[in-house]
Amino acid sequence: MDVLVMGGTRFIGVALLPRLLAAGHGVTVFSRGRRPVPAGVEHVRGDRQDPGDLARLAGRRFDVIVDTSGRQLAESRQVIAHTGWPRHRFLYVSSAGVYGDSHQWPLTEQAPLDPRSRHAGKAETEAWLRREGIPFTSFRPTYIYGPGNYNPIEGWFFARILANRPVPIPGDGQLITQLGHVDDLAEAMARSLEVDTSTNRIYNCSGATGVTFRGLVAAAAQACGHNPEQVELRSFDPRLLEPKARKAFPLRIAHFFTDINRVCRELAWRPRFDLVAGLRDSYEKDFRQQSCPAPGQTPDWGRDEQLLAHAVPLP
């Protein structure tokens, strides 16, 4: 099939492109051109926010459109306005961040949505695709991690552990979150194109289990070769931060984990990475290679110091 990938040269795209090529698909990437594409991939350079650049897709028809970078409905709608409907499927990377607060865990795909979420545009895109009758499959990951991650998820923990600094965590560290490796997400996305049942489906897609914040610190320590028992944990008052803020602390300060039974059942898919193995993969292939600061530069621990000012050690 002829596949257009919107945003294929960073993180998810880097993991997905080899799988599409291995399956024999013809692949075209639309990106700003700051990073190279693999051999055998057509590269259309442009910024999707620039109507003139997006017009380079006018008249092109594709069997599959993969949108890894769209955040708002208008962005995906503009792509289809130029290319027409995909003949086979519109493959969309949404987010579990579309869900609202809940008293029931894990979250299923039927859980109530939060119209005020910063990811609300993704839920609007899913609803629009369904209303229009455009065949689609959408994936709602929680926190994606792995080599090439440009979000401060696993790297936030690695940096503090390797610097032998106290790791600030909210409350008693027993809130449960969930991470999914980028390679596992890419595998599920590629597989969905071969499964008719996945048409017009929305899938939670993440790791097989949740993990407490304390457990995540321990797993990150193991991944980078440190003894978890020697990592100092400091408890800060979670009321100091917005529950969904990710500036001083990289994860939302609330339970956040999903039920992935549907994607496992319908795609005959299971995550290949457990958490420690996945974090080790990210550390060895990425963070370890980039963890040395440039000469004269030191990490800015200012936000940590604000959290640690009134923090107490956790046993």
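## The seven-stranded sheet

In what order do the seven strands of the open sheet follow one another, and is their pairing parallel or antiparallel? In this predicted model, the seven strands are arranged in the order 3-2-1-4-5-6-11, and they pair in the parallel sense. The edges of the sheet are formed by strand 3 (41-45) and strand 11 (201-204), each of which pairs on one side only. On average, and with direction ignored, neighbouring strands of this sheet are turned by 15° against each other.

Within the sheet, strand 4 (residues 64-67) is joined to strand 5 (residues 89-93) by four bridges in the parallel sense. Two positions help to locate this pairing in the structure: V64 stands opposite R89 in strand 5, and V66 stands opposite L91 in the same strand. Strand 5 itself is mostly covered, since five of its five residues are buried. Its cover extends to both faces, with R89, L91 and V93 buried on one side and F90 and Y92 buried on the other.

## Helices on the seven-stranded sheet

Helix 1 (residues 12-22) packs on this sheet and touches strand 1 (2-6), strand 2 (26-31), strand 3, strand 4 and strand 5. The direction of helix 1 makes about 160° with that of strand 2.

Helix 6 lies across strand 4, strand 5 and strand 6 (136-140), and runs at about 165° to strand 6. Because nine of the 11 residues of helix 6 (residues 182-192) are buried, this helix is largely enclosed by the rest of the structure. The buried residues of helix 6 are V182, D183, D184, L185, A186, A188, M189, A190 and S192, a list in which the aspartates D183 and D184 stand beside nonpolar residues such as V182 and L185.

## The three-stranded sheet

A further open sheet is made of three strands in the order 8-13-14, and its pairing is mixed. Its edge strands are strand 8 and strand 14, each pairing on one side only. Strand 8 and strand 13 run parallel and are joined by four bridges, with I169 having S235 of strand 13 as its bridge partner. Strand 13 and strand 14 (residues 312-313), by contrast, pair in the antiparallel sense over two bridges, and here the bridge partner of R234 is P313 in strand 14.

Helix 7 lies across strand 8 and strand 13 of this sheet, and it runs at about 155° to strand 8.

## Two nonpolar cores

In soluble globular proteins, nonpolar side chains tend to be buried together. The largest nonpolar core of this model has 43 residues, among which F157, V167, F249 and L279 touch the most other members. At least two residues of this core come from each of strand 7 (143-145), helix 5 (154-162), strand 8 (167-170), helix 7 (213-223), strand 13 (233-236), helix 9 (275-290) and helix 10 (302-308). Helix 7 gives the largest share, with seven residues.

The surroundings of F157 can be traced residue by residue: leaving aside residues up to four places away in sequence, F157 touches V167, L216, V217, A220, F249, P250 and L251. A second core, separate from the one just described, has 32 residues and includes L20, V66, V93 and C264. Two of these residues have already been met in the seven-stranded sheet, as V66 stands opposite L91 and V93 is buried on one face of strand 5.

## Pocket and cavity

The largest pocket holds about 1,200 Å³ of space. Its lining is made up of 47 residues, and those that lie nearest its centre are T68, S69, R71, Y150 and N151. Helix 1, strand 2 and strand 7 each supply at least two residues of this lining.

The structure also holds one cavity of 30 Å³ or more, and the volume of the largest cavity is about 40 Å³. This cavity is lined by P141, T142, Y143, I144, G180, H181, D184, L185, C205, S206 and W269. Strand 7, strand 10 (179-181) and helix 6 are the elements that give two or more residues to the lining. Two of the lining residues, D184 and L185, are also among the buried residues of helix 6.

Notes. Residues are numbered from 1 along each chain as its sequence is written. This is a predicted model: local features need pLDDT of at least 70, side-chain atom pairs count only at pLDDT 80 or more; totals for chains, interfaces and linings use all residues. Side-chain values use heavy atoms; hydrogens and water are left out. Buried means under 20% relative accessible area, exposed over 50%, partly exposed in between (1.4 Å probe, protein chains only). A nonpolar core is a set of buried Ala, Val, Leu, Ile, Met, Phe, Trp, Tyr and Cys residues joined through side-chain atoms within 4.5 Å. Contact means heavy atoms within 4.5 Å. Two strands pair if DSSP finds at least two bridges between them. Axes are lines fitted to C-alpha atoms, for helices over the stretch in contact, and angles run from 0 to 180 degrees between N-to-C directions. On a 1 Å grid over the protein atoms alone, a cavity is a set of points where a 1.4 Å probe fits but cannot get out, and a pocket is an open set with protein on both sides within 12 Å along at least five of seven lines; lining residues have an atom within 4 Å of a point. Grid points are joined across faces, edges and corners, and a volume is the space filled by probe spheres set on the points.
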